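Here are my notes from a pass through this model, point by point. Have the coordinates open while you read.

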Amino acid sequence: MTITNATYLHDYLIEVTFKDNVIRVIDLENFFKTSPLKLVRKFYSLELFRQFRIEDGVLCWGDNECDINPNSIYAGKYDAQLEHV
């Protein structure tokens, strides 16, 4: 799966569009808040969190410091609950 677009919504929510036009709204608060890796947890800062980008179809942060497997996003692993959208 290849991500073609990602739009920051609010808090830790991002709308992700895939090459096949499937759209997911994902909530990454717990991913960053509870990561056992300090390098990943630093992106729990909303200022840093909002600085994501798409590189080679993958949603990523920092200088190759953190990325999320697009297949996991596509499969719904990080889907936001409706009350958060």
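1. Let me start with Arg24, which is partly exposed at a relative accessible area of 23%. Keep in mind throughout that this is a predicted model. The side chain of Arg24 meets that of Asp79 in a salt bridge, 3.7 Å from N to O. This pair links distant parts of the chain: Arg24 sits in strand E3 (residues 23–27), Asp79 in the segment after helix H4 (70–74), and 55 residues separate them. Asp79 also counts as partly exposed, at 32% relative accessibility.

2. How many salt bridges are there in total? The count comes to 3. Another one is formed by Glu65 and Lys42, with the closest N and O atoms 2.8 Å apart. Glu65 lies in the loop between E5 and E6, and Lys42 in the loop between helix H2 (38–41) and helix H3 (46–49), so this pair ties together parts that are 23 residues apart in sequence. Both ends are partly exposed: Glu65 has a relative accessible area of 22%, and Lys42 has 38%.

3. Then there is the salt bridge of Glu55 with Arg53, whose closest N and O atoms are 3.1 Å apart. Glu55 is partly exposed at 33%, and Arg53 is partly exposed at 28%. If you want to find this pair, look along strand E4 (53–55).

4. On to the sheet that E4 belongs to. It is an open sheet of 3 strands in the order E4-E5-E6, with antiparallel pairing. Strands E4 (53–55) and E6 (66–68) are the edges, each pairing on one side only. Neighbouring strands here are turned by 40° against each other on average, ignoring direction. Strand E5 (residues 58–61) pairs with E6 over 3 bridges, in the antiparallel sense. One bridge to look at joins Trp61 to its partner Cys66 in E6.

5. The N-terminal hairpin deserves a look too. Strand E1 (residues 3–10) and E2 pair in the antiparallel sense over 6 bridges, and Ala6 has Val16 as its bridge partner in E2. The hairpin has 2 residues between the strands, and Asp11 takes a positive phi near 45° there. I'd check that backbone angle in your viewer.

6. Is Thr17 buried or exposed? Thr17 belongs to strand E2 (residues 13–18) and is buried, because its relative accessible area of 13% is under the 20% cut-off. Leaving aside residues up to four places away in sequence, Thr17 touches Thr2, Ile3, Thr4, Asn5, Val22 and Ile23.

7. Now the core. The largest nonpolar core has 19 residues, and those with the most contacts inside it are Ile14, Leu28, Leu59, Trp61 and Ile73. E1, E2, E5 and E6 are the elements that give two or more residues to this core, and E2 gives the most, with 3 residues. Ile73 is a good place to centre the view: beyond four places in sequence, Ile73 touches Ile3, Val16, Phe18, Arg24, Ile26, Leu59, Ile68, Tyr78 and Asp79. Both partners of the salt bridge between Arg24 and Asp79 are therefore among the contacts of Ile73, taking contact as heavy atoms within 4.5 Å.

8. Last, the aromatics. The count comes to 11 aromatic pairs. Tyr8 and Phe49 form an edge-to-face pair, 6.3 Å centre to centre with 65° between the planes. They link distant parts of the chain, Tyr8 being in strand E1 and Phe49 in helix H3, 41 residues apart. Tyr8 counts as partly exposed at 26% relative accessibility, whereas Phe49 is buried at 0%. Phe31 and Tyr78 are also edge-to-face, at 5.7 Å centre to centre and 85° between the planes. Here Phe31 comes from helix H1 (residues 29–33) and Tyr78 from the segment after H4, 47 residues apart. Phe31 is partly exposed at 26%, while Tyr78 is buried at 12%.

9. Which residues make up the aromatic cluster? Tyr8, Tyr12, Phe31, Phe32, Phe43, Tyr44, Phe49, Phe52, Trp61 and Tyr78 form one cluster. Trp61 also appears among the core residues with the most contacts, and Tyr78 among the contacts of Ile73.

Definitions and conventions: Residues numbered from 1 in each chain as written. Predicted model: local features only at pLDDT ≥ 70, side-chain atom pairs only at ≥ 80, totals over all residues. Heavy atoms only, no water. Pairing = 2+ DSSP bridges. Helix = DSSP H or I, 4+ residues; strand = E, 2+ residues; numbered from the N terminus. Axes fitted to C-alpha atoms, helices over the stretch in contact; angles between N-to-C directions. Buried < 20%, exposed > 50% of the residue type's maximum accessible area, 1.4 Å probe, protein only. Salt bridge = Lys/Arg side-chain N within 4 Å of Asp/Glu carboxyl O. Core = buried A, V, L, I, M, F, W, Y, C linked by side-chain atoms within 4.5 Å. Phe/Tyr/Trp six-rings, centres within 6.5 Å; stacked < 30°, edge-to-face > 60°.
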